[in-house]
Amino acid sequence: MKSLVILIILGVFSVQIQAQENQTIKNENEEYIDKLSESIDDIKLILDTLYEDYYVIRGEGVAGNIGVYVGESGVYMIDNQWSALSERLKEMIASITEKPIKLIINSHFHFDHTNGNLAFGRDGIPILAHNKARERMQKRQVLHGHNSEVQNPYPSNALPTLTFEDKMVLHDGQETIELKYCPNAHTDGDIIVHFEKADIYHMGDIFVTYGIPVIDPDGGGDIYALIETIDYTIANSKSTSIFIPGHGQVCSKKELIVFSELLHLILDSVEESVKKGENLKQTILDTKRNIGKGVGGINKDKFITLVHQMVIKRNK
């Protein structure tokens, strides 16, 4: 009789686990990227001139900002949006220079910044990224920090051909380009690209101007490291520095400080709530009240829940 009861309990437990696994798979958005890729080829693309030889290509919707630098030896692109947009991007670059694209730098592994690798990689253009970003592109990723979209492994010709660990410095004419690794910020493979002579920073999705950002916990992102990275950049940049966010318009250090203040406000509120022993529901209510209604970005409840999980994990 005891054996029968144990078998029944194990059977129920097994069914519950299977149901949870099925629910997790159900929540994974397998078609999101493919459907978006099919509909994105006619989005509006805007070319902004920062200085002579320094540009930004912005796309409406889910398309990361592309930094463009026309160097003495060719064109450097930071991120490349979507493969479906590659011909239009090439035409835009051809409108400002006859020089070829020399190098593509991936700020991190997410599809809205690197899907263009599929096209530019086929052209044989070298692609540079952090080691961990390349590793992520080699494997199936589920981006639970956003819409649980599935990013499938990239083919070998779309993977970065050059990688580094901590820091890399490139020299082209009078310009020095510093690539700095920022561990576990938005993801675990983020880099900031600094054009030292022009004093322009391409921040990738470490910094966005639309409000509450995406942090990819499954991809190694963390609120504490993100804030540390932002505050380090603020402390080590100038008041005249120019910042290219991952999404949004090019801006000054002032906007970066506002972004930092928002992140600190959210984290401080969640930490205070956890310290008081409040439950998640109350934490969300208190933090949303502190944020206010005028702040955009991703879903507040989802982001606060994510930060709450990170605070709990840190305090274990």
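Which strands does helix 3 (residues 86-94) lie across? The legends below start with that view; the model they describe is predicted.

**View 1. Helix 3 packs over part of a sheet.** Let's begin with the answer: helix 3 lies across strand 1, strand 2, strand 3 (66-70), strand 4 (75-78) and strand 5 (101-105). Relative to strand 1, the helix runs at about 35°.

**View 2. An open sheet of seven strands.** Follow the strands across the sheet and you will meet them in the order 1-2-3-4-5-6-9, with mixed pairing. At the edges sit strand 1 (45-51) and strand 9 (162-164), each of which pairs on one side only. From one strand to the next, the twist averages 20°. For a closer look at one edge, go to strand 1 and strand 2 (residues 54-59), an antiparallel pair with six bridges. Leu47 is a handy place to start here, with Ile57 in strand 2 as its bridge partner.

**View 3. Strand 11 between two antiparallel partners.** Strand 10 (residues 167-172) runs antiparallel to strand 11 and is joined to it by six bridges. One bridge to pick out links Val169 with Glu178 in strand 11. The two strands make a hairpin with two residues between them, and Gly173 in the turn has a positive phi of about 60°. Strand 11 also pairs with strand 12 (residues 190-195), again antiparallel and over six bridges. There, Tyr181 has Ile191 of strand 12 as its bridge partner. How enclosed is strand 11 (residues 175-182) by the rest of the structure? Seven of its eight residues are buried, so the strand is largely enclosed.

**View 4. The largest nonpolar core, and another apart from it.** The largest core holds 35 residues, and Met203, Ile223 and Phe303 touch the most other members. Helix 7 (223-235), helix 8 (253-276), helix 9 (280-291) and helix 10 (300-314) are the elements that give it two or more residues. Helix 8 supplies the largest share, with seven residues. Centre the view on Ile223 and, leaving aside residues up to four places away in sequence, you will find it touching Ile215, Leu263, Leu267, Phe303, Val307 and Met310. Another core, of 33 residues, lies apart from this one; its members include Tyr32, Leu36, Leu89 and Ile101.

**View 5. Two buried cysteines without a bond.** Why is there no bond between Cys182 and its closest cysteine? The sulfur of Cys182 is 16 Å from that of Cys251, the closest one, which is too far. The disulfide count comes to zero. Cys182 is buried at 4% relative accessible area, and Cys251 also counts as buried, at 11% relative accessibility.

**View 6. Arg136 and its surroundings.** Arg136 belongs to helix 6 (residues 131-137). Is Arg136 buried or exposed? With a relative accessibility of 18%, Arg136 counts as buried, because the cut-off for buried is under 20%. Not counting residues up to four places away in sequence, Arg136 touches Phe109, Gln141, Asp188, Asp218, Gly219 and Gly220. Two of these are worth a zoom. The side chain of Asp188 makes a polar contact with the side chain of Arg136, at 2.7 Å. For Asp218, the backbone oxygen lies 3.1 Å from a polar atom of the Arg136 side chain. To relate this view to the sheet, note that the C-alpha atoms of Arg136 and Ile57 are 25 Å apart, with 79 residues separating the two along the chain.

Definitions and conventions
Residues numbered from 1 in each chain as written. Predicted model: local features only at pLDDT ≥ 70, side-chain atom pairs only at ≥ 80, totals over all residues. Heavy atoms only, no water. Buried < 20%, exposed > 50% of the residue type's maximum accessible area, 1.4 Å probe, protein only. Helix = DSSP H or I, 4+ residues; strand = E, 2+ residues; numbered from the N terminus. Pairing = 2+ DSSP bridges. Axes fitted to C-alpha atoms, helices over the stretch in contact; angles between N-to-C directions. Contact = heavy atoms within 4.5 Å. Core = buried A, V, L, I, M, F, W, Y, C linked by side-chain atoms within 4.5 Å. Disulfide = S-S within 2.5 Å. Polar contact = N/O pair within 3.5 Å; in protein donor to acceptor, adjacent residues only side chain to side chain.
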